[in-house]
Amino acid sequence: IDYLTLRHFSDQLDYTSAQLDTSLTQYRLTIEPDLNIDYDRPAKNDSAFNHILSFHYNMTETLPSLLNQVNVRNDQDPLNIRLGNPDLKGTVRHSVTPGYYARRNQPHIYCYVRANVNVIRNSISQGYTYEPSTGVYTYRPLNVNGNWNASLDFNMYFNLNKKKTFSYSVSAGSNYLRNVDYAAFAGSAGSELSHVNNWTLTQNHSLTYSQKGNYVSLQSNVNYRHANQKEGTIDNVNAINFSYGLTGRIQLLKQVWIITNLNMYSKRGYGDPSLNRDELIWNASAGVSLIKNKLALNLQAFDLLHQLSNITVNINGQGSTETLYNTLPRYVMLHLTYKFQKYPKNKE
């Protein structure tokens, strides 16, 4: 066991309002282990593999806010009444991460496989009831159980020739999230527990040629998301985001360089047709170093083709699509940087 933390919590809250004048305290002694186990088998030579097996486990506990535990009715906003819950429990998280790593120098290969499982007990959620005749919502924090997630990731990188000018990398991952939270159901006078299963699959590829500070890289990325709800009150989600394109850097002179990337970003499977679109994004930057590399001038242009939408789409753990709006999808920026270095004089 690398660490065995004994944590002592001591919180106190003096609460005064027109309805209640009280003092709350909570004391807790927690034992939070942090365990790391590694097995390293060194390579016998540059053409052999170095193998590493690892295992990590830790547990953490977070106490609920004392303010949420005050047993009082807060009706300062008459349409949104908030209640405390003196029976709230602390949130406990268990995390387990096993992994395998392998590396070889000649020819160069690096790869790893890693898994992770997190189990969360007594998460805190906001439950509520609704009174249709008055339009009043009454909120109360509650503990929920059943939240957990598991993931499996793979990554590999290797050179394709002896000169190491061509390289290839691939990564893939899968993630499962069980999200339990209070949510509103149609026809219900209050929130009820919603159990949503989320699966995510990702895959990334990159083929790169590099030599003497110049490089060009072909890249592709795929992200697939599926979500369904145990109660069946929301539509299943089957959304996919994918992109492909290239990135390059050219050293024109010793102190002058250009970097550019051109990528197609695509979205499919969203309920709103306006979100299922293709965006060809071209970014570029040029820089020059002056005064013995102390002064750097960099001109950066983002979204030269003016194709990027100002809408960012995200699917939360409950399978709902969240739409965010940004305000600056296209811009040009000039950077001027001066590197100032002063070394102490030699005493001798």
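These are legends for a set of close-ups of a predicted model.

**View 1. Four strands side by side in an open sheet.** The strand order here is β4-β5-β9-β8, and the pairing is mixed. At the edges sit β4 (73-74) and β8 (123-131), each of which pairs on one side only. Zoom in on β4 and you'll find 2 bridges joining it to β5 (residues 80-83), with the two strands running antiparallel. For a handy landmark, look for R73, which stands opposite L83 in β5.

**View 2. Y128 and Y139, a tilted ring pair.** Searching the whole structure turns up 11 aromatic pairs. In this one, the ring centres are 5.6 Å apart and the planes meet at 45°, so the pair counts as tilted. Y128 belongs to strand β8 and Y139 to strand β9 (residues 136-144), so the contact ties together parts that are 11 residues apart in sequence. Are these two tyrosines buried or exposed? Y128 has 19% relative accessibility and counts as buried because the cut-off is under 20%. Y139 is buried too, with a relative accessible area of 18%.

**View 3. W148 and Y176, another tilted pair.** Here the rings are 5.0 Å centre to centre, with 55° between the planes. W148 comes from strand β10 (residues 147-159) and Y176 from strand β11 (residues 166-184), so to speak a link between distant parts of the chain, 28 residues apart. The two partners don't share a burial class: W148 is partly exposed at 35% relative accessibility, while Y176 is buried at 16%.

**View 4. A tyrosine cluster with an arginine over one of its rings.** Y128, Y130, Y137 and Y139 are linked into a cluster by ring pairs. Y139 also has a charged neighbour: R82 lies over the face of its ring, 4.6 Å from the ring centre.

**View 5. The largest nonpolar core.** Which residues make up this core? There are 8 of them: V196, A227, V237, A239, Y270, L275, V313 and I315. Two elements, β14 (237-253) and β18 (311-315), give two or more residues each. As background, nonpolar side chains in soluble globular proteins tend to be buried together.

Terms used. Residues are numbered from 1 along each chain as its sequence is written. This is a predicted model: local features need pLDDT of at least 70, side-chain atom pairs count only at pLDDT 80 or more; totals for chains, interfaces and linings use all residues. Side-chain values use heavy atoms; hydrogens and water are left out. A nonpolar core is a set of buried Ala, Val, Leu, Ile, Met, Phe, Trp, Tyr and Cys residues joined through side-chain atoms within 4.5 Å. Buried means under 20% relative accessible area, exposed over 50%, partly exposed in between (1.4 Å probe, protein chains only). Two strands pair if DSSP finds at least two bridges between them. Rings of Phe, Tyr and Trp (its six-membered ring) pair if their centres lie within 6.5 Å; planes under 30 degrees apart count as stacked, over 60 as edge-to-face and the rest as tilted. A charge sits over a ring if NZ of Lys or CZ of Arg is within 6 Å of the ring centre and within 35 degrees of the ring normal.
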